[in-house]
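Please open the model in your viewer and keep the selection tool at hand, since this tour goes from one selection to the next.

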Amino acid sequence: MIVKQCLQSKINSFIICLLPLFFTVNVHSTPSSLNWSLEQRTPYNAKIQHASALNYHPLKNTIKPWKICALVPHLKDAYWIGIDYGLVQHAKALNIKLELFEAGSYYGKKKQLSQLSHCMSHDYDAILLGSVDPKLLSYYYDPITKPVIALVNRIDSPKIKTRVGVSWYQMGWHAGHFIKDQVENTRSETRNGEEPAKTTLALLTGPEKQGGSDWVEQGIMAALENSLVTVSSIRHADNNRNLYRDQLHHLLNDQTPDYILGSAVAIEAAIGEIQHKKVAERVKLVSSYLSPAVLRGLFRNKVAFSSDDLVVLQGKLAIDIMVRVLEGAGEFGDIGPAIQMLQKDVLNDNILSDSLAPAEFYPIYRVN
């Protein structure tokens, strides 16, 4: 029996239901053989939402071999590779066709618009749109003649009524709240009335105002409100490890923050940089989402915390929801997995099969 624990955020009345992280799932099991623990969030596309737990029964077959087009910002990191893996696994399980196109980066708006036109005008039945920009459809002037579902990233358009993903505001909130709790616990243990120096936090959350980075930052700031933590630096870069190494080099030349909170790619780069600068004992690392390198860092006490939004399950769910839409279902609003909060003491040696693609998986662009 699985026991759910429900926690309520003091800041925004967002109800979060968590499943225990000690589980074993065969990565190679049939994706449609198990029910999925999800949550439905309302109001749709809002920053602050209410979440209700949902036991979802995935499809086992389809009416016809649908052909789905998936557009994503890039496949340069473990996050979108995990999405790709989930899409591919469930497309194979349902025996449908899938073609995936990447824009190259979050700054590839022109390319993604061209790809959207291609998918709209060719023989695809529907489109999964992992947008590079929340306002992407404001720049798309052709008619939208096929079902479109937002994949991972929000799309600010009245034409889109379904998004498969999680709340990026909550992803940031969980990471920020972890730091707030750590600092408050440390301060409460201070003896003899000594007042420790102020706690500083540097943010490297991703491309500025692209994807979910803006809401991640807002969630972090909300969690840190009235806390003992000062944000000493905010830096943005595309999700490229070399770009983040440059950012971290300049950051650590200017200061030594107590915490660095960033995207998984930023934290991967930070693991090496803080060792190179010989400040690893003074700087704690917190990731806003999970990657294989961040997971290794958790096991090795090099990363203190990571939010985890189960990207493989998101990819499977996106295929499943799209097929239901094609076969007559209505709108699904905001739907996706419940966010998990990972620290070393809640991890074991089992593969987080809904969280990360297997190590041997390489991106696949087409399923026939």
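Select helix H6, residues 264–276, in this predicted model: H6 lies across E10, E12 and strand E13 (284–287), and runs at about 165 degrees to E13.

Now add the strands that go with E10, E12 and E13, which belong to an open sheet of six strands in the order E11-E10-E12-E13-E14-E16, with mixed pairing. At the edges you will find strand E11 (229–235) and strand E16 (340–342), each of which has a single partner strand, so that one side of each is left without a neighbour in the sheet. From one strand to the next, the twist averages 20 degrees.

Within this sheet, select strand E10 (residues 199–204) together with strand E12 (residues 259–262), which run parallel and are joined by four bridges; to look at one residue pair, pick Leu204, whose bridge partner in E12 is Gly262.

Next, select helix H4 (residues 213–223), where nine of the eleven residues are buried, so that the helix is largely enclosed by the rest of the structure. Among the buried residues of H4 are Trp215, Val216, Glu217 and Ile220.

Finally, show Cys69 and Cys119, which form a disulfide with their sulfur atoms 2.0 Å apart, and note that the structure holds one disulfide. Cys69 lies in strand E5 (residues 67–72) and Cys119 in helix H2 (residues 109–121), so the pair ties together parts that are 50 residues apart in sequence. The torsion about the S-S bond is about 45 degrees, and the disulfide is therefore right-handed. Cys69 is buried, at a relative accessible area of 0%, and Cys119 likewise counts as buried at 0% relative accessibility.

Methods: Residues numbered from 1 in each chain as written. Predicted model: local features only at pLDDT ≥ 70, side-chain atom pairs only at ≥ 80, totals over all residues. Heavy atoms only, no water. Buried < 20%, exposed > 50% of the residue type's maximum accessible area, 1.4 Å probe, protein only. Helix = DSSP H or I, 4+ residues; strand = E, 2+ residues; numbered from the N terminus. Pairing = 2+ DSSP bridges. Axes fitted to C-alpha atoms, helices over the stretch in contact; angles between N-to-C directions. Contact = heavy atoms within 4.5 Å. Disulfide = S-S within 2.5 Å.
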